[in-house]
Amino acid sequence: MHFLFLLLVTLLQSPPARAGEIIGGQEAKPLSRPYMAYLKYSKNNEEYTCGAFLIQEDFLLTAAHCWGSSINVTLGAHNIKKSETTQQQIPVLRAIPHEKYDSKTFNNDIMLIKLKEKAKLTRAVGLLALPRRKNSLRPRMRCIVAGWGCDLEEKYPDTLQEVEIKVRKEQECMAQYHGEYKVSTQICAGDPEHQKASFKGDSGGPLVCDRVAQGIVSYGCEDGTCPQVYTRISSFLGWIKRTMNAHKY
């Protein structure tokens, strides 16, 4: 039984940092992933967190299930509990989830966030490239996931964590998630043998393979012991381009 990675991730539940958050990962080198954004948002009078990543100076990409009635964005952060001089907090103009997002199956779990003003590109704030249409992922290909999500003990870090995982065979997620996994729009990835995975609070962050964002953290197993599902960005390049063009101003 899968669940939304962001469930129960409130600000009040975030204890002090410790090494190895995410699952089986480690603290990222400060400012080594300048595309990462930290999202705080409200939904049903509760506060939650997600990840996101900068693809243009005024556009972020994240998961549709990270939508909320209000969203706060922090760029250039390493320790999200400190007011670092590298941080940029930019108001959100609008959040645009995919019109065919299915909250039951998490298919089309992708959303663009339009910022009210352009981010200033610095050593701490940068863009992440999107894939080309013909880019292909191979099973066992190694990729990186980063975020401020928890470990298996549900302990949340202050600092950005990262973990290396492998692309899995599609059949693994098809068997695990039955009819809910869609090969055309989703990616199967993880390293359950070594207990390495994205987890609660990492939703919306990028699956980065060869310095390109190939996926978006979407959902997985409750105990983090099976491959996770990522939104396949290459399947949405047309939607991303059309949506950004429609919301340029």
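Buried residues make up 59% of the 249 residues in the protein chain. Buried here means under 20% relative accessible area, exposed means over 50%, and partly exposed lies in between (1.4 Å probe, protein chains only). The model is predicted, so local features require pLDDT of at least 70, side-chain atom pairs count only at pLDDT 80 or more, and totals for chains, interfaces and linings use all residues. Residues are numbered from 1 along each chain as its sequence is written, and side-chain values use heavy atoms, with hydrogens and water left out.

The protein chain contains three helices and 15 strands. Helices (H or I, at least four residues) and strands (E, at least two) are DSSP runs, numbered from the N terminus. Contacts were also examined, a contact being heavy atoms within 4.5 Å. Among contacts between residues at least 6 apart in sequence, 73% join residues at least 24 apart.

The structure holds three disulfides. A disulfide is counted when a pair of cysteine sulfur atoms lies within 2.5 Å. In chemical terms, a disulfide is a covalent bond between the sulfur atoms of two cysteines.

One disulfide is formed by C50 and C66, with their sulfur atoms 2.0 Å apart. This pair links distant parts of the chain, 16 residues apart. C50 sits in strand β4 (residues 46–56). C66 sits in the loop between β5 (59–62) and β6 (70–75). The angle about the S-S bond is -75°, and the link of C50 and C66 is left-handed. Both C50 and C66 are buried.

Another disulfide joins C143 to C209, at an S to S distance of 2.0 Å. Here too the pair links distant parts of the chain, with C143 in strand β10 (residues 142–147) and C209 in strand β13 (residues 206–209). The two cysteines are 66 residues apart. The link of C143 and C209 is right-handed, with 105° about the S-S bond. C143 and C209 are both buried.

A further disulfide joins C173 to C188, at an S to S distance of 2.1 Å. C173 lies in helix α2 (residues 170–177) and C188 in strand β12 (residues 186–190), so the pair ties together parts that are 15 residues apart in sequence. The link of C173 and C188 is right-handed, with 80° about the S-S bond. C173 is buried, with a relative accessible area of 0%. C188 is buried as well, with a relative accessible area of 1%.

Helix α2 also takes part in aromatic pairing. The structure holds four aromatic pairs. Rings of Phe, Tyr and Trp (its six-membered ring) pair if their centres lie within 6.5 Å; planes under 30 degrees apart count as stacked, over 60 as edge-to-face and the rest as tilted. Y177 and Y219 form an edge-to-face pair, 5.2 Å centre to centre with 85° between the planes. Y177 belongs to helix α2 and Y219 to strand β14 (residues 212–221). They are 42 residues apart, and the pair links distant parts of the chain. Y177 and Y219 are both buried. Ring pairs link F106, Y177 and Y219 into a cluster.

N107 is placed in the loop between β8 (92–97) and β9 (111–115). N107 counts as buried because its relative accessibility is 15%. Leaving aside residues up to four places away in sequence, N107 touches K100, Y101, D102, K182, T185 and Q186.

A28 is placed in the loop between β2 (26–27) and β3 (36–43). A28 counts as buried because its relative accessibility is 2%. A28 and E162 are 134 residues apart in sequence, yet 5.6 Å apart in space, C-alpha to C-alpha. With residues up to four places away in sequence again left out, A28 touches H78, L160, Q161 and E162.

H78 and L160 also appear in a cavity lining. The structure holds two cavities of 30 Å³ or more. On a 1 Å grid over the protein atoms alone, a cavity is a set of points where a 1.4 Å probe fits but cannot get out, and lining residues have an atom within 4 Å of a point. Grid points are joined across faces, edges and corners, and a volume is the space filled by probe spheres set on the points. The second largest cavity has a volume of about 50 Å³. Its lining consists of K29, L31, S32, R33, P34, M36, G76, A77, H78, A124 and L160. By class, this lining has six nonpolar, three polar and two charged residues. Ala, Val, Leu, Ile, Met, Phe, Trp, Tyr, Cys and Pro count as nonpolar, Asp, Glu, Lys and Arg as charged, and the others, Gly among them, as polar.

Methods
1 Å grid on protein atoms, 1.4 Å probe; cavity = no way out; pocket = protein on both sides within 12 Å on 5 of 7 lines; lining within 4 Å.
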